[in-house]
Amino acid sequence: MAEPQREWLEKDYYATLNVTEKATAADITKAYRKLARKLHPDANPGDPAAEDRFKEVSAAYDVIGDADKRNSYDEVRRSGPVGAIFGGAGGGGGAGSGVFNASFGDLLGGLFGRGPSGRSGTPSAQAGNDLRAELELSFTDAVHGIETSIMLTGDATCSTCSGTGCKQGSQPVTCEPCKGRGLLDDNQGLFSMSRPCNACAGRGSVITNPCATCRGQGIEVRNRKVRVRIPAGVKTGQTLRLPRRGAPGRGNGEPGDLLVLIKVNDHHLFGRSGKDLTLVVPITFAEAALGAEIGVPTLEGGQVTIRVPAGTSSGTTLRVRGKGVQGDLMVTFDVEVPSQLTEDQRSAIEALAVATIESPRTRLSQYQPRS
């Protein structure tokens, strides 16, 4: 067994992606995308160390990011050191040295990109990066929901070649060395292993007439408009995830997601509490003391009539059913005290003061501190 292949078998792909062996598929994808964004050659021009690390991360994700390959990889790791699997470095004859049955061949075939029938994936496939955008909404749009557009500037599928990477009128040709598989086989006696094809970088095809716009990458940096449907009731700080609306993948990799951070502008009258709308309504002292029927506005327009109970104090809240976001309208009364009085108002209030027999502070004067 060649030394580079031995080293590849012994690599800890979980450590490469900074995850544990118990990591979920979502955790592995998240870790890979984070490292891929950080180490991508486009983000580190002229940095060979970052490029090498990027290749290691991509190779690790190609294995443990695929459920079937991950199971095979874990099985190989549980089987022990490489020498134990193959009966010793020299291939000497022990009970297990000459035994390499079909099931174990399938196991390693799955690990190195081939199924039992010899079919292969595309080792060069790279998932696209997640993109982030902020969206500012009016209070009303956030309450009712809206369909709008977001302008993004960044990697996008090439508008000239539609992502093929080829000049118009041409198409990729099958890679001759790997016959379109993207993998080359290395026969090692009783078993065969595969590695990504260097000629096509694992794509299985070669672009002979590259697109002038994207230079064969299938991706260009440009402005693009993304339609977004905002559900009713979103709040400031909430993030909406739009699957496959982020940066395009490479080598037939899946596009990333678009993460939209919501900011909702304040309303000059209304507020929100969960699914309820809130509204502070000023009332006069007479309305609070005697009770009254008053009209209050609704977010949709128009007014609804509510009853102010006699003896209402500031801070009292009434519920108006069905006039909230997906709930109710909570009306809080604020009793206004006039800062300037007319003569008639002063006379009326002085008369009320004379007629008031009991002080509202009586219970305070009866307070006795504990010994």
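This briefing covers the overall make-up, one sheet, the nonpolar cores and two loop residues of a predicted model. The protein chain holds 11 helices and 15 strands. Of its 371 residues, 36% count as buried.

**Overall make-up**

- The exposed area of the protein chain is about 22,300 Å², and carbon and sulfur atoms supply 49% of that area.
- Contacts in the protein chain often span long stretches of sequence: among those between residues at least 6 apart, 64% join residues at least 24 apart.

**The four-stranded sheet**

- Four strands form an open sheet with the order 10-11-15-14, and the pairing is mixed.
- Strand 10 (270-273) and strand 14 (317-320) are the edge strands, each pairing on one side only.
- From one strand to the next, the twist averages 35 degrees.
- Strand 11 (residues 276-283) and strand 15 (residues 329-335) run parallel and are joined by seven bridges.
- Two residues of strand 11 can be followed across to strand 15: Leu277 has Leu329 as its bridge partner, and Val281 has Phe333.
- Strand 14 and strand 15 run antiparallel, with four bridges between them.
- Val320 stands opposite Leu329 of strand 15, and Leu329 is also the bridge partner of Leu277.
- Is strand 15 largely enclosed or not, and why? Five of its seven residues are buried, so strand 15 is largely enclosed by the rest of the structure.

**Nonpolar cores**

- The largest nonpolar core has 21 residues, of which Val281, Ile283, Ile294 and Phe333 touch the most other members.
- Several elements each supply at least two residues of this core: helix 8 (139-144), strand 11, strand 12 (292-297), strand 13 (303-308) and strand 15.
- A second core, separate from the largest one, has 19 residues. Val19, Ala36, Tyr61 and Ile64 are among them.
- Val281 belongs both to the sheet, where its bridge partner in strand 15 is Phe333, and to the largest core.
- Apart from its neighbours within four places in sequence, Val281 is in contact with Ile294, Val296, Val331, Thr332, Phe333 and Asp334.

**Thr298, in a loop**

- Thr298 is located in the loop between strand 12 and strand 13, two strands that each supply at least two residues of the largest core.
- Thr298 has a relative accessibility of 10%, which is under the 20% cut-off, so it counts as buried.
- Its side chain reaches the backbone oxygen of Gly301 at 2.8 Å.
- Which residues does Thr298 contact, leaving aside its neighbours within four places in sequence? Thr298 is in contact with Phe270, Val304 and Lys323.
- Of these contacts, Phe270 falls in edge strand 10 (270-273), and Val304 falls in strand 13 (303-308).

**Gly202, in a second loop**

- Gly202 lies in the loop between strand 5 (191-196) and strand 6 (205-206).
- With a relative accessibility of 0%, Gly202 counts as buried.
- Gly202 and Arg181 are 21 residues apart in sequence, and their C-alpha atoms are 7.7 Å apart in space.

Note on methods: Residues numbered from 1 in each chain as written. Predicted model: local features only at pLDDT ≥ 70, side-chain atom pairs only at ≥ 80, totals over all residues. Heavy atoms only, no water. Pairing = 2+ DSSP bridges. Axes fitted to C-alpha atoms, helices over the stretch in contact; angles between N-to-C directions. Buried < 20%, exposed > 50% of the residue type's maximum accessible area, 1.4 Å probe, protein only. Core = buried A, V, L, I, M, F, W, Y, C linked by side-chain atoms within 4.5 Å. Contact = heavy atoms within 4.5 Å. Areas by Shrake-Rupley, 256 points an atom, 1.4 Å probe, with all protein chains shown as cover. Polar contact = N/O pair within 3.5 Å; in protein donor to acceptor, adjacent residues only side chain to side chain.
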